[in-house]
Number of protein chains: 2
Amino acid sequence: MDAEQAPPETSSDREDHLKRDRTARSFVTSEDVARLAGVSRSAVSRTFTPGASVSADVRHRVQEAAKTLGYRVNRLARSLISDQSNLVGVVGANLSLPFMARQLDELSRELLRRGMQCLLLNAAEAEQGITPLIELILEFRVRAIVVMSGSPPSSIIDECMANGVRVILVNRQDDDTEADTIISDDLNGARIAAERLLRAGCRRIGVVGSGAQTPTQIRRRGAFVDRVREAGIEPAVWASGGTAYETGMDAARGLLSAHDLDGVFCVTDLMALGFLDGAREMGRRVPDDLSIIGFDDIQQSAWAAYRLTTIRQSMSDLTESVLAAIERKMTGERGDLAHEVLPVELVERATVRSTS
Amino acid sequence: MDAEQAPPETSSDREDHLKRDRTARSFVTSEDVARLAGVSRSAVSRTFTPGASVSADVRHRVQEAAKTLGYRVNRLARSLISDQSNLVGVVGANLSLPFMARQLDELSRELLRRGMQCLLLNAAEAEQGITPLIELILEFRVRAIVVMSGSPPSSIIDECMANGVRVILVNRQDDDTEADTIISDDLNGARIAAERLLRAGCRRIGVVGSGAQTPTQIRRRGAFVDRVREAGIEPAVWASGGTAYETGMDAARGLLSAHDLDGVFCVTDLMALGFLDGAREMGRRVPDDLSIIGFDDIQQSAWAAYRLTTIRQSMSDLTESVLAAIERKMTGERGDLAHEVLPVELVERATVRSTS
DNA sequence: GTTAGGTTTGCACACGTGTGCAAAGGTTGC
DNA sequence: GCAACCTTTGCACACGTGTGCAAACCTAAC
């Protein structure tokens with residue numbers, strides 16, 4: 001208001017007050033644009049609000065001024081009013097693992113396409129669980145939180161829900177939580193794997209997992225063991241190391257030197273590829289001496305050096321379900337939590353003997 | 001103020017005004033905490049501001065109230081004042097490619113560790129360039145922008161710089177831009193690769209790249225071709241397809257059926273692995289008949305099925321340089337743009353004949 | 001008891017934006 | 001020319017936070 005009466009003085013006054021020098025200039029505000037265009041600040045705001053009432057003349061002048069000054073609306077201030085941002089918090093660890101990377105790639109792409117942005121927090125260093133990360137995300141007033149790694153305690157999930165922020169757990173445990181959960185059908189997948197090995201005539205069977213006691217690991221391994229036992233076979237079990245290629249390699253060396261297996265299920269493709277390389281190193285011919293099945297169908301499994309038979313979970317289905325859950329939030333309904341179990345399918349390649 | 005005189009009426013009044021029902025309750029504000037603790041809002045703010053002046057008694061009461069109500073500071077509002085957030089914008093595409101995934105993994109992890117958050121925008125669908133994405137990022141008043149994909153025109157970079165937002169280009173072109181650029185030493189790496197092949201006795205040499213005309217591609221291919229020509233050899237060139245494993249496979253089929261090569265440099269490990277598989281498929285023995293060198297040293301290159309000899313760029317060096325650039329921004333200095341060229345090294349594995 | 005000095009507290013403003021409301025302006029029909 | 005109506009515009013408030021400033025309070029020294 002004083003600004004219009006004495007522009008130069010106010011301008012320098014403002015700079016003094018904010019203690020900013022010219023090299024680190026602040027952002028252009030709608031006030032600046034309004035002044036240049038000779039209109040009120042409201043007119044500027046309305047120009048950038050679809051469906052608002054502005055005359056063509058004013059709109060043009062404002063746009064011109066905005067372009068001249070390089071004006072960008074401040075989403076922080078905007079979100080302050082609407083009390084919601086277009087941000088979606090994403091918690092993930094080991095982003096370089098093929099399956100995780102692919103998941104993040106698709107999710108971030110689709111989020112952007114639908115006008116949302118992705119606030120990514122890497123849970124790698126989260127020794128005390130991911131609760132602090134979720135608390136941090138909440139401070140950004142996100143629209144929803146997607147958890148791809150770690151197991152949030154139900155207390156923090158409740159807090160999110162109480163604040164209207166949906167929590168979507170991807171391939172995490174599904175029991176006793178109030179969150180949306182989207183998992184691939186681990187039980188059925190493991191069962192299919194077991195049956196495929198049995199059908200190939202395997203009788204000395206093993207199962208390979210990492211030492212991490214994640215729900216996914218446990219489900220896949222458990223369902224596989226159960227099914228194999230039904231056939232009267234007690235499988236050899238490997239469960240140590242991290243979720244990595246090297247673990248598969250170690251498992252091959254460990255299991256194959258102790259048992260003469262002819263069929264192995266690895267709960268993760270990445271470990272399956274390591275196991276395959278390890279088995280070859282030990283002179284086993286795949287699939288003639290030994291059949292191997294993985295889970296996930298990562299891109300590397302299709303590579304010519306491997307051609308791994310595996311259980312595929314559809315990545316696009318998964319992404320789509322996550323997005324559906326996020327967008328369901330917007331309608332403001334309640335109590336309609338998603339508990340989706342996505343179907344899996346067997347992908348036949350070259351690491352299991354064809355049924356005789 | 002009226003609130004303390006007639007709490008219930010004001011409360012319902014407020015709800016009516018905001019048109020919110022109980023299912024979608026708003027977040028708790030510092031005002032709410034202050035009321036419960038029986039102090040002013042300033043006291044609440046100061047309690048959560050390190051180094052502010054609050055008595056132990058008040059601090060305790062506030063913390064108690066905050067815990068009871070589940071208060072989370074609103075970072076959007078906070079950033080509105082300080083005119084800067086702890087956000088760092090990251091632009092990347094093809095996040096599932098091993099090299100990119102690894103880069104993002106390290107970057108997001110380190111950012112979080114230093115108290116910053118990662119605003120990730122996937123540039124996959126950016127047909128009209130990444131300028132719109134950067135504009136979007138600017139609206140969040142980020143502290144800096146890291147570009148790992150696409151080539152931003154200098155106009156948008158200038159705008160960022162004018163607003164005090166550093167732009168850091170990772171493995172992008174370095175000429176004629178006002179941004180920080182951090183690239184690995186492509187020229188030297190390609191030269192080392194060429195010399196290694198020549199030293200192994202290769203004389204019928206090829207080079208494989210994708211059809212994408214990215215600066216990295218061009219630099220690596222160009223430097224390699226130059227060095228080979230110095231030795232009086234004209235290399236066969238493959239340059240089509242995407243940046244993928246399949247491209248390497250196609251290249252092997254195409255190049256090897258036309259020329260009887262004994263040494264090949266692939267500008268990317270991913271393509272090298274495809275090429276290696278393709279060469280094997282065509283009956284070539286590696287490294288006896290044919291030597292192959294890649295670039296990047298992705299994790300898959302160390303796998304037993306490949307054991308690819310390659311040029312390594314240190315991921316941790318790269319991440320560290322990016323972070324250093326981001327943090328240099330905070331000091332507010334000017335004109336001290338980074339133009340780093342990170343050293344590379346040859347990693348000897350099993351796809352090049354040992355020097356006789 | 002008084003004063004000086006330190007600590008704690010609340011007021012009030014600022015940050016940049018969206019939007020209800022009423023005033024102003026413009027158009028049309030009689 | 002006037003009334004009725006629609007469009008456009010500006011004012012003023014709201015969002016939730018941080019912080020300078022001065023008042024209030026407490027402590028200790030004289």
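## Exercises on helices and sheets

The buried residues of α8(B) are T131(B), L133(B), I134(B), L136(B), I137(B) and L138(B), where buried means under 20% relative accessible area, exposed over 50% and partly exposed in between (1.4 Å probe, protein chains only). The model is predicted: local features need pLDDT of at least 70, side-chain atom pairs count only at pLDDT 80 or more, and totals for chains, interfaces and linings use all residues. Residues are numbered from 1 along each chain as its sequence is written, chains are lettered from A and ligands numbered from 1 in the order in which they are written, and side-chain values use heavy atoms, leaving out hydrogens and water. Helices (H or I, at least four residues) and strands (E, at least two) are DSSP runs, numbered from the N terminus.

### Exercise 1: a helix pair in chain B

**Task.** Determine how α8(B) and α9(B) are oriented to each other, and identify the residues that make their contact.

**Solution.**

1. Start with burial: six of the eight residues of α8(B) are buried, so this helix is largely enclosed by the rest of the structure.
2. Two packed helices are described by the angle between their axes and the distance between the axes.
3. The axes of α8(B), residues 131–138, and α9(B), residues 154–162, come within 10 Å and cross at roughly 10°. Axes are lines fitted to C-alpha atoms, for helices over the stretch in contact, and angles run from 0 to 180 degrees between N-to-C directions.
4. The two helices α8(B) and α9(B) are therefore roughly parallel; angles under 35 degrees count as roughly parallel, over 145 as roughly antiparallel, 65 to 115 as roughly perpendicular and the rest as oblique.
5. On the α8(B) side, T131(B), I134(B), E135(B) and L138(B) make the contact, and on the α9(B) side I156(B), E159(B) and C160(B) do so. Contact means heavy atoms within 4.5 Å.
6. By class, four nonpolar, one polar and two charged residues form this contact of α8(B) with α9(B). Ala, Val, Leu, Ile, Met, Phe, Trp, Tyr, Cys and Pro count as nonpolar, Asp, Glu, Lys and Arg as charged, and the others, Gly among them, as polar.

### Exercise 2: helix α9 of chain A

**Task.** List the buried residues of α9(A) and state which elements they pack against.

**Solution.**

1. In α9(A), residues 154–162, the buried positions are I156(A), I157(A), E159(A), C160(A) and M161(A).
2. These buried residues pack against α8 (131–138), β3 and β4 of chain A.
3. For the helix neighbour, the axes of α8(A) and α9(A) come within 10 Å and cross at roughly 10°.
4. Just after α9(A), G164(A) takes a positive phi of about 80°.

### Exercise 3: the sheet of 12 strands

**Task.** Identify the edge strands of the open sheet of 12 strands.

**Solution.**

1. Write out the order, which is β11(A)-β5(A)-β4(A)-β3(A)-β1(A)-β2(A)-β2(B)-β1(B)-β3(B)-β4(B)-β5(B)-β11(B), with mixed pairing. Two strands pair if DSSP finds at least two bridges between them.
2. The edges are β11 (339–342) of chain A and β11 (339–342) of chain B, each pairing on one side only.
3. From one strand to the next, the twist averages 20°.
4. Within this sheet, β1(A), residues 87–92, and β3(A), residues 144–147, run parallel and are joined by four bridges. V88(A) stands opposite A144(A) in β3(A).

### Exercise 4: strand β9 of chain A

**Task.** Describe how strand β9(A) pairs with β8(A) and with β10(A).

**Solution.**

1. The open sheet of six strands in chain A has the order β7-β6-β8-β9-β10-β12, with mixed pairing.
2. Strand β9(A), residues 291–296, is mostly covered, as six of its six residues are buried.
3. Strand β8(A), residues 263–266, pairs with β9(A) in the parallel sense over three bridges; G263(A) stands opposite S291(A).
4. Between these strands the chain passes through helix α13 (residues 269–281) of chain A, in a right-handed β-α-β crossover. Right-handed means that, with the strands pointing away from the viewer, the path from the first strand over the helix to the second runs clockwise.
5. Strand β10(A), residues 309–313, runs parallel to β9(A) and is joined to it by four bridges. I293(A) stands opposite T309(A) in β10(A).
6. I293(A) is also the bridge partner of F265(A).

### Exercise 5: residue D176(B)

**Task.** Decide whether D176(B) is buried or exposed.

**Solution.**

1. D176(B) lies in the loop between β4 (166–170) and β5 (180–184) of chain B.
2. With a relative accessible area of 67%, D176(B) is exposed.
3. D176(B) and S154(B) are 22 residues apart in sequence and 8.0 Å apart in space, C-alpha to C-alpha.
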